[in-house]
Amino acid sequence: MASSADVVAADEAKCPVPHAKNTPLPPGHPKVESVPTSKLRPPEGEHCIFFRTREDTPSSSMHESTPTTESTVPTPPLSPSELEHSLVLSSRKSALAVCQATQVQLMLEARYGAASPAMAPDADPTTDPDVAQIHALLRRHQPGTEPLRCIEFPVRTMSTQGDNNLRAPLYVIGGEGRAIWTKELEVALAAGSVDAIVHSLKDVPTTLPDGLELAAILEREDPRDALVVKADLPYKSLKEMPRGSVIGTSSVRRVALLRRAYPHLMFSDVRGNIQTRLAKLDADDSPYTALVLAAAGLKRMDLEDRITAYVTAPVMLHAVGQGSLGIEVRTPRGPLAQRDERMRALIQSISCWRSTWRCAAERALMHRMEGGCSIPLGVATEFEDHRDVEGQCNERLETPSELASTGVPTPRMATRAPRQPPPDGIYLTMSAIIVSLDGSQSCEHTEKRLCRTVKDAEQLGTDVADHLEHHHNARAILEEVEHHRRLAEVADQKRREGRLPGAAEVDRRFLPRDDGQPKVWEV
């Protein structure tokens, strides 16, 4: 009679792929000693892209509190005098969103707050152009006020639909042009409850509500995607990982592009804030070998030491606007037009032209392709001096850990690039790729353009989109993606209509719905 050790040895002999200790097994793999069994269930249907856990709720070791479904609109400042001396910022409630809003708050306070050098008693606008510019903006903000008063920049936060629904994949609930992250904030902005919204630009639809506009795009943080390997695993890149390794991501773009380059890998949807995702990755019973996350979020949250490697072209092109912060304001009109014009001028003063031009090209491309959360679209934009500017600052080839070991400080981009665009223009190169969900089809195009204004950059993005549509098979790929979305939605609707009278509504995993909203778990 065979011993248990012989049975284990037989199982291991059946598998030609070596498994490192504590590396999660692929879904459906035979048991192997000292290797966690996968908790993931295979996707249903040949066009499904994500494996999923049997339960949406995290285990107790990875607990994440359920966010409230109520989105409270903040009340406006209490008095007209407070309105004249404050600019109320708003953001989502997540830790990353608050961190980003605080970054903007500090930038504005450094220029217009009590600690600003321009507010010092010895500040001389006749000899310092920066002080002169700040004083001019403050006088517009405070007409007839002497002496000039500093401005306060309080931050108000609220939850959005994307924050409240942590169970559905982003490509399902992001069907309204990705307004899932912005709608509640924009309602408050339009109502005058806040003066400006700090967004992750990749979450902002390319068509904004009437009466609202983007006033500034700040200096771009690293737009690349980052590989984060489970703690204590030895892998340094995706190509080192054994067949069937599960990569956690909530991005259709990442799955489609990675499937094209690494067909031996599997992918599972993972939601939650950055800390929650990392906890899910590192848990003893985690089904994930690694996650792919935005490098910018990790760096802003001081988690850059978790970056194992960057995933870049030709394997991965980043999302439109990834790494950039955009600030949305009211378009000046109506009885508050003068005040809103002053607010817009204050926000515009911290904008970065390099980031603005790059993102303008990317957003023009997505607008023409009618892009959203469900479109596997990747982009990359670079100026002709990228290697000497962004390449030496926010987008260095070395990972933060590698850079830290050298002891070489990273210069600020402001010290490497002119504050204004070159009068003769600058060449901007844009690459874009659209990939089918299974990675089997793709179309890509690269174009270079001399840009003298932001309109030139936008035209570049539009022209790249037109080339993809008319000279490649981009539209066919996008139609296939939408086709499978519609099929999944129809199937889900039939399930909802066919449930027994009085029975609790369930999703396709036969778990009760928490909010009554349809959720389609596979494309």
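## A tour from the central strand outwards

Start with strand 5: five of its five residues are buried, so the strand is largely enclosed by the rest of the structure. Buried means under 20% relative accessible area, exposed over 50%, and partly exposed in between (1.4 Å probe, protein chains only). Helices (H or I, at least four residues) and strands (E, at least two) are DSSP runs, numbered from the N terminus.

This is a predicted model, in which local features need pLDDT of at least 70 and side-chain atom pairs count only at pLDDT 80 or more, while totals for chains, interfaces and linings use all residues. Residues are numbered from 1 along each chain as its sequence is written, and side-chain values use heavy atoms, with hydrogens and water left out.

**Stop 1: strand 5 and its partners**

Select residues 196–200. Show the side chains. Ala-196, Val-198 and Ser-200 point one way, Ile-197 and His-199 the other way. In a regular strand the side chains alternate between the two faces of the sheet.

Next, add strand 3 (89–92). Strand 3 and strand 5 pair in the parallel sense over two bridges. (Two strands pair if DSSP finds at least two bridges between them.) Look for Ser-90, opposite Ile-197.

Now add strand 12 (residues 325–330). Strand 12 runs antiparallel to strand 5, and five bridges join them. Here Ser-200 stands opposite Leu-325.

**Stop 2: the whole sheet**

Extend the selection to five strands. They form an open sheet in the order 4-3-5-12-6, with mixed pairing. Strand 4 (155–158) and strand 6 (212–217) stand at the edges; each has a single partner strand, so one side of each is left without a neighbour in the sheet. Neighbouring strands are turned by 30 degrees against each other on average, direction ignored.

At the strand 6 edge, five bridges pair strand 6 with strand 12 in the antiparallel sense. Pick Ala-216; its bridge partner in strand 12 is Ile-327.

Then select helix 3 (residues 95–112), which packs on the sheet and touches strands 3, 4, 5 and 12. Its direction makes about 160 degrees with that of strand 3. Contact means heavy atoms within 4.5 Å. Axes are lines fitted to C-alpha atoms, for helices over the stretch in contact, and angles run from 0 to 180 degrees between N-to-C directions.

**Stop 3: helix 12 against helix 14**

Select residues 353–369 for helix 12 and residues 454–471 for helix 14. Their axes come within 7 Å and cross at roughly 35 degrees. Among the residues that meet are Trp-357 and Leu-365 in helix 12, and Val-464 and Leu-468 in helix 14.

**Stop 4: salt bridges**

The structure holds 26 salt bridges. Each is a side-chain nitrogen of Lys or Arg within 4 Å of a carboxyl oxygen of Asp or Glu.

Stay on helix 12 and select Arg-358. Its side chain meets that of Glu-395 in a salt bridge (3.0 Å, N to O). The pair links distant parts of the chain, 37 residues apart, with Glu-395 in the loop between strand 13 (377–383) and helix 13 (400–406). Arg-358 counts as buried because its relative accessibility is 2%; Glu-395, at 10%, is also buried. Add Arg-354, Asp-385 and Glu-390: with Arg-358 and Glu-395 they are linked in a network of salt bridges.

Finish with Glu-444 and Arg-260, which meet in a salt bridge (3.6 Å, N to O). Glu-444 lies in strand 15 (residues 442–451) and Arg-260 in helix 8 (residues 252–261), 184 residues apart. Glu-444 is partly exposed at 46%, and Arg-260 is partly exposed at 30%.
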